Amino acid sequence: MCAHVLVAEDDEMQAELIRRSLLAEGHTATVVHDGRAALDAARRLRPDLVVLDLMLPVIDGFGVCRVLRRDDDVPVLMLTARATEDDLLLGLELGADDYMTKPYSPRELMARIRTVLRRSGRVVVDRPEDPVVRAGGITVDPVRHEVRCDGAPVECTPAEFEILLAMATEPERVFSRRQLLEVTRGTDRSSTERAVDVHIMNLRRKTEMDPRRPVRLLTVFGVGYKLSGGRG
């Protein structure tokens, strides 16, 4: 059985990244952007896990966690850009099951979610961890951190790996430079949107027969990039 995860995150791009990562793991996800909506959704949907940003508008994450713990025993994984010891201790004292500071990699977040779900005993997670993703002749293995193109191994930097994993998970989806930049935040915190173009250029050298005329990693002018080719 896969889990239903409630994501309470006011940064819409971060929330979308978490949602896509959860779907790739086989879970279902509901996304809200403020604390009151989080409490309403938790009461209505009875999720298996809440991924809770600390800096929510209307009611902050501490307030949401306090109410959740009063009404339910749903597991809570807190996310925050504030990494002070006081914040960490308060979150744990309120009953958060785990605590992650931003920026983080999507793979690390999914690993933490699997751990919290197993500990909670609310669901049986029978999906293989970090399943291999295949699209457009490219295979991405998050467990072994390996990439293959038409069966041949491809050496990738951590940022290139995260970009390929995101694009292979949703082939034909157009990603903006900003979205791909967020994907690399856990591996390359000093990167810029211009650096995304460099990563794509390097990936084309490694995966295209003719990098000047790519057939896999395509530019969508005025928008961003996509990986052409279906899953499988």
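Contact here means heavy atoms within 4.5 Å. This is a predicted model, in which local features need pLDDT of at least 70, side-chain atom pairs count only at pLDDT 80 or more, and totals for chains, interfaces and linings use all residues. Residues are numbered from 1 along each chain as its sequence is written, and side-chain values use heavy atoms, with hydrogens and water left out.

**The sheet**

Helices (H or I, at least four residues) and strands (E, at least two) are DSSP runs, numbered from the N terminus. Five strands form an open sheet in the order β2-β1-β3-β4-β5, with parallel pairing. Two strands pair if DSSP finds at least two bridges between them. β2 and β5 are the edge strands, and each pairs on one side only. Neighbouring strands are turned by 20 degrees against each other on average, direction ignored.

Two of the pairings are set out here.

| Pair | Sense and bridges | Facing residues |
|---|---|---|
| β1 and β2 | parallel, 5 bridges | A8 opposite V32 |
| β3 (49–53) and β4 (76–80) | parallel, 4 bridges | V51 opposite L77 |

Helices pack on this sheet. α1 (residues 12–24) touches β1, β2, β3 and β4, and its direction makes about 170 degrees with that of β2. α3 touches β3 and β4, and its direction makes about 175 degrees with that of β4. Such angles run from 0 to 180 degrees between N-to-C directions, with axes as lines fitted to C-alpha atoms, for helices over the stretch in contact.

**Strands β1 and β5**

Buried means under 20% relative accessible area, exposed over 50%, and partly exposed in between (1.4 Å probe, protein chains only). In β1, 5 of the 5 residues are buried, so the strand is largely enclosed by the rest of the structure. Both of its faces are covered: H4, L6 and A8 are buried on one side, V5 and V7 on the other. In a regular strand the side chains alternate between the two faces of the sheet.

Strand β5 (residues 98–101) holds D98. D98 is buried, at a relative accessible area of 16%. Leaving out residues up to four places away in sequence, D98 touches V76, L77, M78, R112, V116 and R119.

**Helix α2**

Which residues of α2 (residues 35–45) are buried? They are G35, A38, L39, A41 and A42. Seen down the axis, they fall within an arc of 165 degrees, so they line one face of the helix. The arc is that of the directions from the helix axis to the C-beta atoms. These buried residues pack against β1 (4–8), β2 (28–32) and α3 (61–71).

D34 caps the N-terminal end of α2, with a side-chain oxygen 3.0 Å from the backbone nitrogen of R36. Just after the helix, R46 takes a positive phi of about 50 degrees.

**The nonpolar cores**

A nonpolar core is a set of buried Ala, Val, Leu, Ile, Met, Phe, Trp, Tyr and Cys residues joined through side-chain atoms within 4.5 Å. The largest core has 26 residues, of which V140, V147, L164, M167 and L180 touch the most other members. Two or more residues come from each of β6 (133–135), β7 (138–141), β8 (146–149), α6 (158–169), α7 (177–183), α8 (193–207) and β12 (224–227). α6 gives the most, with 7 residues.

What does V147 touch, not counting residues up to four places away in sequence? V147 touches I138, T139, V140, A152, P153, V154, C156, F161 and L164. Another core, of 22 residues, lies apart from the largest one and includes A8, A41, L56 and L94.

Notes
A polar contact is a pair of N or O atoms within 3.5 Å; within protein, one must be able to donate a hydrogen and the other to accept it, and residues adjacent in sequence count only if both atoms are side-chain atoms.
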